[in-house]
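Here is a brief report on a sheet and on the empty space around it.

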Amino acid sequence: MTTNVVAQLAVKSHDAPDEKRRPDKTEVDLVSVDAYTIGRFTFEPGWRWSECIKPVVNTDSCQLSHVGYCVSGRLTVQTTDGSQINITSGDSYSIPPGHDAWVEGGEPFTGIEFVSAAVFAKAPE
């Protein structure tokens, strides 16, 4: 197992992020601490990756790996092979590339992302 090393003491608030991204029904608030980018993702009811993020990134499915923690709400994730999981408040999760996702119910989904935040919902250059 790889061990990451942190070189400096740092703290930042997602309420004053270094960067914001705002695709349809999406709020991505990014902070960088040491060499890490951490994202707070908030998806409104009715959010679906294939409708809200696909037009930004221009891929058939989400091609990112995700590792995160669900603060609130409910998200369903379905991989291209048909596997499906439900993520709810208090869950930690990992999601491989090749998936769609959508918010379930009338409450926004809020998650903290540790792996893909730097490039999520970012148009290709």
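The sheet comes first, then the pocket and the cavity.

This is a predicted model: local features need pLDDT of at least 70, side-chain atom pairs count only at pLDDT 80 or more, and totals for chains, interfaces and linings use all residues. Residues are numbered from 1 along each chain as its sequence is written, and side-chain values use heavy atoms, without hydrogens and water.

**Sheet.** Six strands (DSSP runs of E, at least two residues, numbered from the N terminus) form an open sheet in the order β1-β2-β3-β9-β4-β7. Pairing (at least two DSSP bridges between two strands) is antiparallel. β1 (19-21) and β7 (92-95) are the edges; each has a single partner strand, so one side of each lacks a neighbour in the sheet. From one strand to the next, the twist averages 25 degrees (axes are lines fitted to C-alpha atoms, with angles from 0 to 180 degrees between N-to-C directions). β2 (residues 26-33) and β3 (residues 36-43) are joined by eight bridges. Serine 32 faces threonine 37 of β3.

**Empty space.** Both kinds of space come from a 1 Å grid over the protein atoms alone: in a cavity a 1.4 Å probe fits but cannot get out, while a pocket is an open set with protein on both sides within 12 Å along at least five of seven lines. Lining residues have an atom within 4 Å of a point. Volume is the space filled by probe spheres set on the points.

| Space | Volume | Nearest its centre |
|---|---|---|
| Largest pocket | about 180 Å³ | Val57, Thr59, Leu64, Val119, Lys122 |
| Largest cavity | about 110 Å³ | Phe43, His66, Leu75, Ile95, Glu113 |

The structure holds one cavity of 30 Å³ or more. At least two residues of the largest cavity's lining come from each of β3, β5 (74-79), β7, β8 (99-103) and β9 (109-113).

Technical notes. Helix = DSSP H or I, 4+ residues; strand = E, 2+ residues; numbered from the N terminus.
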